[in-house]
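Work through the exercises below with the structure open beside you. Try each task before reading its solution.

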Amino acid sequence: MLSRSRCVSRAFSRSLSAFQKGNCPLGRRSLPGVSLCQGPEYPDSRKIVINNSSFFGVRFFRTTSVCKDDVITVKTPAFAESVTEGDVRWEKAVGDSVAEDEVVCEIETDKTSVQVPSPAHGVIEALLVPDGGKVEGGTPLFTLRKTGAAPAKAKPAEAPAAAAPKAEPVVSAVPPPSAAPIPTQMPPVPSPAQPPASKPVSAVKPTAARPVAEPGVGKGVRSEHREKMNRMRQRIAQRLKEAQNTCAMLTTFNEVDMSNIQEMRARHKDAFLKKHNLKLGFMSAFVKASAFALQEQPVVNAVIDDASKEVVYRDYIDISVAVATPRGLVVPVIRNVEAMNYADIERTISELGEKARKNELAIEDMDGGTFTISNGGVFGSLFGTPIINPPQSAILGMHGIFDRPVAVGGKVEVRPMMYVALTYDHRLIDGREAVTFLRKIKAAVEDPRVLLLDL
Amino acid sequence: MLIPFSLKNCFQLLCNRKVPAAGFKDTVKNGLILQSISNDVYQNLAVEDWIHDHMNLEGNPILFLWRNSPSVVIGRHQNPWQECNLNLMRKEGVKLARRRSGGGTVYHDMGNINLTFFTTKSKYDRMENLKLIVQALNTVQPQLDVQATKRFDLLLDGQFKISGTASKIGRTTAYHHCTLLCNTDGAFLSSLLNSPYQGIKSNATTSIPSLVKNLLEKDSTLTCEVLMSAVAAEYAAYHRIDGHIHLVDPEDETLFPGINSKAKDLQTWEWVYGKTPKFTVNTSFNVLDGQSCLEIKVHIDIKNGRIQICNIEVPEHWLPLEVCEKLNSCFIDSKFCPVETTMLTSILLRTCPQDHELYKKWYILCEKIKGIM
């Protein structure tokens, strides 16, 4: 691997040697993460000690595309220890830009993995062996079209100051008038001071997104980058849009005074924890209140079957609880809530939460559901309109609890208040029913005795 | 146990690969023996990567000793679906890791010692390392019949494999690592390394199964601790260096700057599963339809761990063609992974029309498909 050893052992000697003035940088290669500087008139610009790091970071500017476009064929390196053949595993594809020393493929010989780096900056022209194909020492592997431009990939581990490599493409034509250190401040580019015509500006273009704004320049970056939407997201998007198009969605709001529930929680949480080994949260109050209200107003628990134009009334109440996980939104279901008490609900929520965390949710945990509760309050939401989760007819949105002054018995008091929102399908549920439903939830949360007394 | 200050210094000096080679020609002959205090396979593999990438090994060979909690480690270019029983691993909490060196699949647990020999590329010599291990074993137990084979395995009594080898050669450094079976759970090993997945066609590197045996079964004095000290002592004697074993913490960023991000990279799905070479799955499973049994054929092309082509052939009378096509198209580009499939299916099922029969069938189909992932 002549090119490799040349690179590694002589890189520094080459970099430290004096530059000939007016030399074409043909054959001058840069180290990974370091771009070449044209600074023959400024010998001090060669060496810079950066940030107390004890290695020489040599900064250059790549200035010319005078390098001829050579196409070189890279051959399989000789194998160690009398091994004769290996399998090629490609890391890069045809058309990829590679930097000098960047790994293009790996050759697997009898349990050993050998990396084959690129001997120069360039673009991969052709792969001469299929992936998994067998090669021997000396077999041609791929052809590389050498280019003068350094690939845009930044190597943050080796680039000392973040500003410096990004500042370079802009200043590439102009050697900095001041001496080292270059990277700290972007000098203003004096346009008349163009270099002589024999050294045109390099064709370095940032092809990768560079979201970091260069300090001292005062302007933001203007690039964008595109990412293909994955299928899951496309599916979810499609589904949400379908929901919006079929349902006549409306939202009604109300507010809940959380002081009673908070007081109940404070009073009983230790006993609850002791008996059930579970934390008493607010979800159980809302889930139970919703179940109660759904029993009183069965139409909210029903759904329109568009195919048969029927209204399907369900005798069971399965409440889906929206949970945000790193993988995205999952909606596990609590089955037959009408038969549960607060403890049962908390237990189920905790089990489902554990499963979600460990990525063990099964399909049957997540399908079905007749009503959804979504809690935006955990993220600090004040107010908002949730979107219905088909095939259901309504969704309750809980928001954050904030202290607010409210009128109580003719006086102003500060109470912990939560806004709640109910989005419903108006094709099925009328305004009066929706408002009554939400008020029932409010009543049951504000005073759980309502549940006992069946009021 | 804290690293003595001298070691930290030593490390930082040796890390300085960027200094021109000339500065290191006069270095005193050094060598280090390191032992990891962690049993996390990803952290230990990250130490290997770190030493390989950052240390100057000129005149300074390093021996790294490590053990892992139950994990299956596949080679760089292998296919985990072909090599091991992923369902069993998920159930039993056995980790899956992909190392950066080539070779076949191995099972690690605390009864297995891993030894990594770091040298410069020029000094890379696997046979020398294996001979060193044999020498160490014979020092502890002179009667032990251990031989190194041409394939760089170690055989006990001429037939039982007690060590397998893999290595990686970089630009200037190389490492050779091998296992040493002291007291591994053999039955568990066999069940884990036996893949139940049918119909996989790929050109990934395959493992060659071998008959294994634990050294402890042969001689009860050969415990992990005894063997680790023996190999370390032999290494120190051979390279004429200080035989002190330095304990290192793979999570220590001051000793190994940047190592935690290396460990994180090794745990990403894109590395562990996504780096599998292209493969196809051609299999079938049965579903019950009333009294009869229907055969459903599945053909899936997977690249980078993601489904490229999905063709699930279902008899028309059981599931309408358009429903089937919808299912096939939605799997494209998603990971060949049961968790992802679960999420996808639950979203799909919610878009399904209110046909209970159809719903049930789709559900069953998805569960079966998850079983082959």
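A residue is called buried when its relative accessible area is under 20%, exposed when that value is over 50%, and partly exposed in between. The model used here is predicted.

**Exercise 1. Sort residues by accessibility**

Task: Decide whether A:Glu255 is buried, exposed or partly exposed, and do the same for A:Arg404.

Solution:
- Step 1. The relative accessibility of A:Glu255 is 26%, so this residue is partly exposed.
- Step 2. For A:Arg404 the value is 19%, and therefore A:Arg404 counts as buried.

**Exercise 2. Follow a salt bridge within chain A**

Task: Find out how A:Arg404 and A:Glu255 interact, and state which parts of the chain they tie together.

Solution:
- Step 1. Recall the cut-off: a salt bridge needs a side-chain nitrogen of Lys or Arg within 4 Å of a carboxyl oxygen of Asp or Glu.
- Step 2. Between A:Arg404 and A:Glu255 the N to O distance is 2.8 Å, and the two side chains form a salt bridge.
- Step 3. A:Arg404 belongs to strand E19 (residues 394-408) of chain A and A:Glu255 to strand E11 of chain A, so the bridge ties together parts that lie 149 residues apart in sequence.

The general principle is that side chains of opposite charge can pair when their charged atoms come close.

**Exercise 3. A second pair in chain A**

Task: Repeat the analysis for A:Arg145 and A:Glu125.

Solution:
- Step 1. The closest N and O atoms of A:Arg145 and A:Glu125 are 2.8 Å apart, and the pair is a salt bridge.
- Step 2. A:Arg145 sits in strand E10 (residues 140-146) of chain A and A:Glu125 in strand E8 (residues 122-127) of chain A, so parts 20 residues apart in sequence are tied together.
- Step 3. A:Arg145 has 31% relative accessibility and is therefore partly exposed.
- Step 4. A:Glu125, with a relative accessible area of 34%, is partly exposed.

**Exercise 4. A pair between chains**

Task: Locate the salt bridge between A:Glu106 and B:Arg76, and decide whether A:Glu106 is buried or exposed.

Solution:
- Step 1. The closest N and O atoms of A:Glu106 and B:Arg76 are 3.9 Å apart.
- Step 2. This pair crosses between chains: A:Glu106 is in strand E6 (residues 103-109) of chain A, and B:Arg76 is in the loop between strand E3 (71-74) and helix H3 (80-83) of chain B.
- Step 3. A:Glu106 has 4% relative accessibility, so A:Glu106 is buried.
- Step 4. B:Arg76 has a relative accessible area of 4% and is therefore buried.
- Step 5. Over all chains, the count of salt bridges comes to 27.

**Exercise 5. Read the order of a sheet in each chain**

Task: Which strands stand at the edges of the chain A sheet E3-E10-E8-E5, and which are the edge strands of the chain B sheet E12-E14-E15-E16?

Solution:
- Step 1. The chain A sheet is open, has 4 strands and pairs them in the antiparallel sense.
- Step 2. Strand E3 (71-75) and strand E5 (97-98) of chain A each have a single partner strand, so one side of each has no neighbour in the sheet.
- Step 3. E5(A) and E8(A) run antiparallel and are joined by 2 bridges. In this pairing A:Val98 stands opposite A:Gly122 in E8(A).
- Step 4. In chain B the sheet is also open, with 4 strands and antiparallel pairing.
- Step 5. Strand E12 (200-202) and strand E16 (306-313) of chain B pair on one side only, and these are the edge strands.
- Step 6. Neighbouring strands of the chain B sheet are turned by 15 degrees against each other on average, direction ignored.
- Step 7. Strand E15 (residues 292-303) of chain B is paired with E16(B) over 7 bridges in the antiparallel sense, and B:Ile302 stands opposite B:Ile307 in E16(B).
- Step 8. Helix H13 (residues 356-371) of chain B lies across strands E14 (279-289), E15 and E16 of chain B, at about 140 degrees to E14(B).

**Exercise 6. Describe the two chains**

Task: How many helices and strands are there in chain A and in chain B?

Solution:
- Step 1. Chain A contains 9 helices and 20 strands. Of its 455 residues, 45% are buried.
- Step 2. Chain B contains 13 helices and 16 strands. Of its 373 residues, 55% are buried.

Note on methods:
Residues numbered from 1 in each chain as written. Chains lettered and ligands numbered in written order. Predicted model: local features only at pLDDT ≥ 70, side-chain atom pairs only at ≥ 80, totals over all residues. Heavy atoms only, no water. Buried < 20%, exposed > 50% of the residue type's maximum accessible area, 1.4 Å probe, protein only. Pairing = 2+ DSSP bridges. Axes fitted to C-alpha atoms, helices over the stretch in contact; angles between N-to-C directions. Contact = heavy atoms within 4.5 Å.
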